[in-house]
Amino acid sequence: MARTVPDPVEQAERVVRKRLVEVAGPRGAECLPCYLQRVVSTYGCHGTLQWTHRWQGHQRTRRVRTGGLTQGLRDRGGFCDCEVLMNVYDVDPCVPEEERRPCARVC
Ligand SMILES: [Zn+2]
Ligand SMILES: [Zn+2]
């Protein structure tokens, strides 16, 4: 009788997927500009608000209300993740991590 041996490829994929969520997901109480700066500088902006929405989804799991966030960002010129950084928070997403201004909210 053949024993079920864990497929090493499948196992590796699971580990990578888990890592990606850990790396690309918002950390704890990390605020939106800090999170966006981290992921946009690493993974880039896709011309959408996908990272902003991901952050918003994370806030929902923490029971933090972010209703109207997207509209508020658009009103201030943030139509994609990098624009949110530049136009709304006045942050350059290309600044290397060590040269970034510390976040006023300390996350
Ligand atoms: Zn912050
Ligand atoms: Zn963009």
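**Exercise 1. Work out how helices H2 and H3 are arranged in this predicted model.**

Step 1: Find the two helices. H2 covers residues 32–43, and H3 covers residues 50–61.

Step 2: Look at their axes. These come within 10 Å and cross at roughly 130°.

Step 3: Name the arrangement. Angles over 145 degrees count as roughly antiparallel and 65 to 115 as roughly perpendicular, with the rest between them being oblique. H2 and H3 are therefore oblique to each other.

Step 4: Add the handedness. The crossing of H2 and H3 is right-handed.

**Exercise 2. Describe which residues bring H2 and H3 into contact, and of what class they are.**

Step 1: Start on the H2 side. Here you will find Leu-32, Tyr-35, Leu-36, Val-39 and Val-40.

Step 2: Now turn to H3. The partners there are Trp-51, Thr-52 and Trp-55.

Step 3: Sort them by class. The contact of H2 with H3 has seven nonpolar residues, one polar residue and no charged ones.

**Exercise 3. Place this pair of helices in the whole protein.**

Step 1: List the elements. The protein has five helices and zero strands, and from the N terminus on the order is α-α-α-α-α.

Step 2: Check burial. Of the 107 residues, 21% are buried.

Step 3: Look at the contacts with a separation of 6 or more. Residues 24 or more positions apart account for 56% of them.

**Exercise 4. Decide where the prediction is most and least confident.**

Step 1: Take the overall picture. The mean pLDDT is 87, and 90% of the residues reach 70 or more.

Step 2: Compare the extremes. Confidence is lowest in H1 (residues 8–24), with a mean of 77, and highest in H4 (residues 69–75), at 97.

Key. Residues numbered from 1 in each chain as written. Chains lettered and ligands numbered in written order. Predicted model: local features only at pLDDT ≥ 70, side-chain atom pairs only at ≥ 80, totals over all residues. Axes fitted to C-alpha atoms, helices over the stretch in contact; angles between N-to-C directions. Helix = DSSP H or I, 4+ residues; strand = E, 2+ residues; numbered from the N terminus. Parallel < 35°, antiparallel > 145°, perpendicular 65-115°, else oblique. Left-handed = near helix turned anticlockwise from the far one by under 90°. Contact = placed C-beta atoms within 7 Å. Nonpolar A, V, L, I, M, F, W, Y, C, P; charged D, E, K, R; others polar. pLDDT = per-residue confidence, 0-100. Buried ≥ 20, exposed ≤ 12 C-beta atoms within 10 Å, placed from the backbone.
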